[in-house]
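Q: I'm new to reading protein models, and I'd like a close look at one part of this one. Could you walk me through the nonpolar core and what sits around it?

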Amino acid sequence: MTSSPFHSGELDAQQRWGNPELWTEARINQLLWDRIPEQVNARIEAAPFFFLATSSPDGRCDCSFKGGGPGLVKVLAPDRLAFPHFEARVKGNGVYASLGNILLNPYVSMLFVDFSDGARLRVNGKASIHGNAAMMEPFPQAECVVVVDIELVAPSCPAYIPPMVPAEPLPSAAE
């Protein structure tokens, strides 16, 4: 390995509170990937929700819950995935914080948590917004589609993730 995958702040934090010797080349290769391993595709595509972190150009962060049930995210290639943005004028608050941030700062982080077994997966990359028919076809009710070109995939241990089971959905306000 020719350079560290960590920025100066991470390296400083590892020195202050962690164990920098923990991050051997073998461990880095085991836990920090530049693509989604094929055996992880099904888990991502079965995820009923994820959390999306975006940031404005001046660093104001936003974290949003993105739900829609299994099939919400499609793996397009080992280094690319897509998810829909649903009609915010009908069901959302209409702020468009995630899309607005992506328009000005394309870097995003996605966090997938499986509460049945505690598995966590972070996917970081550069997002773009699409409205063309080819991208929209897998997501017929979407307002647009966000495509993420992956830069980092990192699994995390299940520590501190409480086990949960899905409950029956609550009736919507329209019912």
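A: Here is a walk from the whole chain into its core, and then out to a few single residues.

First, some ground rules. This is a predicted model, where local features need pLDDT of at least 70, side-chain atom pairs count only at pLDDT 80 or more, and totals for chains, interfaces and linings use all residues. Residues are numbered from 1 along each chain as its sequence is written, and side-chain values use heavy atoms, with hydrogens and water left out.

Let's start with the overall layout. The chain has six helices and seven strands; these are DSSP runs numbered from the N terminus, with at least four residues of H or I for a helix and at least two of E for a strand. Follow the sequence and you read α-α-α-β-β-β-β-α-α-β-β-α-β. The C-alpha trace spans about 55 × 35 × 30 Å along its principal axes. Of the 175 residues, 31% count as buried, which means under 20% relative accessible area, while exposed is over 50% and partly exposed is in between (1.4 Å probe, protein chains only).

Now for the core itself. A nonpolar core is a set of buried Ala, Val, Leu, Ile, Met, Phe, Trp, Tyr and Cys residues joined through side-chain atoms within 4.5 Å. The largest one here has 24 residues, and V73, M110 and F112 have the most contacts inside it. At least two residues each come from α3 (38-46), β1 (49-55), β4 (80-86), α5 (97-104), β5 (107-113), β6 (120-130) and β7 (142-156). β7 gives the largest share, five residues.

Zoom in on V73. Contact means heavy atoms within 4.5 Å, and once you skip neighbours within four places in sequence, V73 is in contact with I44, E45, F50, L81, A82, F83, M110 and F112. Apart from the largest core lies another one, of seven residues, including A82, M136, A142 and V147.

A82 also turns up beside F139, so to speak: not counting residues up to four places away in sequence, F139 touches G71, L72, K74, A82, F83, P84 and V145. You'll find F139 in the loop between α6 (133-136) and β7, and at 7% relative accessibility it counts as buried. From F139 to K126 is 13 residues in sequence and 20 Å in space, C-alpha to C-alpha.

Another loop residue to look at is Y96, between α4 (88-91) and α5. Y96 is partly exposed, at 26% relative accessibility. Its phi is near 60 degrees, a positive value in a residue other than glycine. For background, most residues other than glycine have a negative phi.

Finally, what about the cysteines? A disulfide is a pair of cysteine sulfur atoms within 2.5 Å, and by that rule the count is zero. For C63, the nearest cysteine sulfur is that of C61, 9.3 Å away. C63 is exposed, with a relative accessible area of 57%. C144, on the other hand, is buried at 9% relative accessibility. The closest cysteine sulfur to that of C144 is in C63, 18 Å away, so the two are too far apart for a bond.
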